[in-house]
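The following exercises train the reading of a protein model, from single side chains to whole sheets and pockets. Each task is followed by a solution in steps.

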Amino acid sequence: MASHRRPKQPSRTRVTVLTTAAAAAVALSSQAANAAPSEKPSKDEVKSKVDKLYEEAEQATEKYNGAKEKQEKLQKEVSTIQDNVARGQDELNELRDSIGLAAAAQYRTGSIDSSLQLFLSSNPDDYLDKASTADQLSAQQVESLKKIQEKQRELAQDRAEASGKLKDLASTRTELGNKKKEVQAKLAEAQKLLNTLTAKEKADLAAADARASRDAGDRVDLGNTGPASSRAMAAFQAAQSKIGSPYVYGASGPSSFDCSGLTSWAFAQAGVGIPRISQDQANAGTRIYSQSDLKVGDLVIFYGDLHHVGFYAGNGQVLHAPRSGTVVRYESINNMPFQFGVRI
């Protein structure tokens, strides 16, 4: 007869472990469910983070602008040096040809001297170092050899300089690419945060930003502050003509601008050349540390690292290209940390 055994009962310890694990899992899932809604940042938190990202993007933009400006300068310098090398090589060839023709003429008459034979078969630098053979050259030949020697030195220096600048140019191009990626990453991160908002929250932020902006047709009381100069006023009026133009990083007109792109473009319309980036514009004129001393057309520098610039518009207003997602507009000077003005 088959025996009937009772199924083995789980031990009390195993039951306790399983029960505890199940309870923990339920608790964790419950906590996750309860925590999920609170993980979504509020509209104000998103705005704060986005504003910070835009500020960081603008910092990177000014560094990008600096690298771009340096690249363009180096490209011009390298091109100039390479042109000099090409011309120098042509001159050197002509000098060598003139010596060769003289040697050929002497050879035909059977009067070629040992000095020219030596020149034709060796480096003229080495030859000129031999005083004993120098006496055998005519004055004209000595002068030609000295010119060759000097031209060779110039070409060697130019080639070395071009080589150094080409390396610097390659490094600058790498820096330019890195800064461009940094700006794009900051803007993408900001957009990602904005995409977490509801349609109503986005509309509220857009309305708030619209209140900060003023269309070109809106009147702004600029007060009775006089212009810094006729040129500064002309630059300010050029900037006024671009109210409503979009902010685009790295842009310097005529249809879109970043902050220093707007100011440099506007002064160019007034016939005044100023540096491209805000940090250099900060050193382009006389600094004015009191807001009460500012005049219309003065540059206004913001933030401790001087990465933002605009025009003083009078009555506590600035005209500037604020950041990505905005347009050229008037804004209160107190909306940003004022550092000083610059009178060009």
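A residue counts as buried when its relative accessible area is under 20%, and as exposed when that area is over 50%. The model used throughout is a predicted one.

**Exercise 1. Burial of two phenylalanines**

Task: Decide whether phenylalanine 338 is buried or exposed, and do likewise for phenylalanine 302.

Solution.
Step 1. The relative accessible area of phenylalanine 338 is 18%. The cut-off for burial is under 20%, so phenylalanine 338 is buried.
Step 2. Phenylalanine 302 has a relative accessibility of 0%, and therefore counts as buried.

**Exercise 2. The geometry of ring pairs**

Task: Classify the pair formed by the rings of phenylalanine 302 and phenylalanine 338, and state which strands hold the two residues.

Solution.
Step 1. The ring centres of phenylalanine 302 and phenylalanine 338 lie 6.5 Å apart. Rings pair if their centres lie within 6.5 Å.
Step 2. The planes of these two rings stand at 75°. Planes over 60 degrees apart count as edge-to-face, and the pair is therefore edge-to-face.
Step 3. Phenylalanine 302 belongs to strand β2 (residues 299-302) and phenylalanine 338 to strand β6 (residues 338-343). With 36 residues separating them, the pair links distant parts of the chain.

Task: State how many aromatic pairs the whole structure contains, and analyse the one between tyrosine 64 and tyrosine 249.

Solution.
Step 1. The search of the whole structure yields six aromatic pairs.
Step 2. In the pair of tyrosine 64 and tyrosine 249, the centres are 5.7 Å apart and the planes are at 75°, so this pair is edge-to-face.
Step 3. Tyrosine 64 lies in helix α2 (residues 43-109), while tyrosine 249 lies in the loop between α8 (230-240) and α9 (259-269). The two tyrosines are 185 residues apart, and their pair links distant parts of the chain.
Step 4. Tyrosine 64 has 11% relative accessibility and counts as buried; tyrosine 249, at 18%, is buried too.
Step 5. Ring pairs also join Phe236, Phe267 and Phe311 into a cluster.

**Exercise 3. Building the sheet**

Task: Give the order of the strands in the sheet and explain why one side of β1 and of β5 has no neighbour there.

Solution.
Step 1. Strands of a sheet pair through backbone hydrogen bonds, either parallel or antiparallel.
Step 2. Here six strands form an open sheet with antiparallel pairing, in the order β1-β6-β2-β3-β4-β5.
Step 3. β1 (286-288) and β5 stand at the edges; each has a single partner strand, so one side of each lacks a neighbour in the sheet.
Step 4. From one strand to the next, the twist averages 40°.
Step 5. At one end of the order, β1 and β6 pair antiparallel over three bridges, and threonine 286 stands opposite arginine 343 in β6.

**Exercise 4. Strand β4 and its neighbours**

Task: Describe how β4 pairs with β3 and with β5, and which way its side chains point.

Solution.
Step 1. Strand β3 (residues 308-314) and β4 are antiparallel and share three bridges. They form a hairpin with two residues between them, and asparagine 315 in the turn has a positive phi of about 55°.
Step 2. Four bridges join β4 to the antiparallel strand β5 (residues 329-332).
Step 3. Glutamine 317 stands opposite serine 332 in β5, and glycine 314 stands opposite glutamine 317.
Step 4. From β4 (residues 317-320), Gln317 and Leu319 point one way, Val318 and His320 the other way, and all are buried. Valine 318 has a relative accessible area of 0%.

**Exercise 5. Two pockets**

Task: Describe the volume and the lining of the largest pocket, then treat the second largest pocket likewise.

Solution.
Step 1. The largest pocket holds about 700 Å³ of space. It is lined by 26 residues, of which Lys47, Asp51, Tyr54, Asp209 and Arg323 are the closest to its centre.
Step 2. The elements that give two or more residues to this lining are α2, α6 (139-194), α7 (199-212) and β5. By class, the lining has ten nonpolar, seven polar and nine charged residues.
Step 3. The second largest pocket has a volume of about 160 Å³. Its lining includes Asn65, Lys68, Gly250 and Arg276.
Step 4. Helix α2 gives four residues, the largest share of this second lining. The classes are two nonpolar, four polar and four charged residues.

Conventions:
Residues are numbered from 1 along each chain as its sequence is written. This is a predicted model: local features need pLDDT of at least 70, side-chain atom pairs count only at pLDDT 80 or more; totals for chains, interfaces and linings use all residues. Side-chain values use heavy atoms; hydrogens and water are left out. Rings of Phe, Tyr and Trp (its six-membered ring) pair if their centres lie within 6.5 Å; planes under 30 degrees apart count as stacked, over 60 as edge-to-face and the rest as tilted. Buried means under 20% relative accessible area, exposed over 50%, partly exposed in between (1.4 Å probe, protein chains only). Two strands pair if DSSP finds at least two bridges between them. On a 1 Å grid over the protein atoms alone, a cavity is a set of points where a 1.4 Å probe fits but cannot get out, and a pocket is an open set with protein on both sides within 12 Å along at least five of seven lines; lining residues have an atom within 4 Å of a point. Grid points are joined across faces, edges and corners, and a volume is the space filled by probe spheres set on the points. Ala, Val, Leu, Ile, Met, Phe, Trp, Tyr, Cys and Pro count as nonpolar, Asp, Glu, Lys and Arg as charged, and the others, Gly among them, as polar. Axes are lines fitted to C-alpha atoms, for helices over the stretch in contact, and angles run from 0 to 180 degrees between N-to-C directions.
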